[in-house]
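Subject: Structure handover

Dear colleague,

The structure is passed on to you below. Notes on aromatic pairs and disulfides follow it.

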Amino acid sequence: MVKGPRCKLCGKSIQIMSYDSAYVKLVKPGEAKATFVCWSCAEKKLGEKLNEITGT
């Protein structure tokens, strides 16, 4: 079984390509590896800025 990435902040497993899953993927310029953060942690850390970015 292939495991998906884990949230960098809480360690919760993130299911990529799932309709029930919401996450933020961060990639530093010039790097191939991404950092994943689950949506609930992203909302806690970014608050209103996340809503501005996503338009929700």
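How many aromatic pairs does a search of the whole structure find? The search gives 1 aromatic pair. Please keep in mind that the model is predicted.

The two rings belong to Y23 and F36, with 5.7 Å from centre to centre. Their planes make an angle of 55°, and the pair is classed as tilted because that class takes in angles that are neither under 30 degrees nor over 60. Y23 sits in strand β1, which covers residues 23–27, while F36 sits in strand β2, residues 34–38. The pair therefore ties together parts that are 13 residues apart in sequence.

The two partners can also be described by their accessibility. Y23 has a relative accessible area of 27% and is partly exposed. F36 has a relative accessibility of 15%, so F36 counts as buried.

Next, the cysteines. How many disulfides does a search of the whole structure find? The result is 0 disulfides. For C7, the closest cysteine sulfur is in C10, at 3.7 Å from the sulfur of C7. This is too far for a bond, because a disulfide needs the two sulfur atoms within 2.5 Å. Seen from C10, the closest cysteine sulfur is in C7.

Is C7 buried or exposed? C7 is buried, at a relative accessible area of 4%. C10, with a relative accessibility of 43%, counts as partly exposed.

Regards

Methods:
Residues are numbered from 1 along each chain as its sequence is written. This is a predicted model: local features need pLDDT of at least 70, side-chain atom pairs count only at pLDDT 80 or more; totals for chains, interfaces and linings use all residues. Side-chain values use heavy atoms; hydrogens and water are left out. Rings of Phe, Tyr and Trp (its six-membered ring) pair if their centres lie within 6.5 Å; planes under 30 degrees apart count as stacked, over 60 as edge-to-face and the rest as tilted. Helices (H or I, at least four residues) and strands (E, at least two) are DSSP runs, numbered from the N terminus. Buried means under 20% relative accessible area, exposed over 50%, partly exposed in between (1.4 Å probe, protein chains only).
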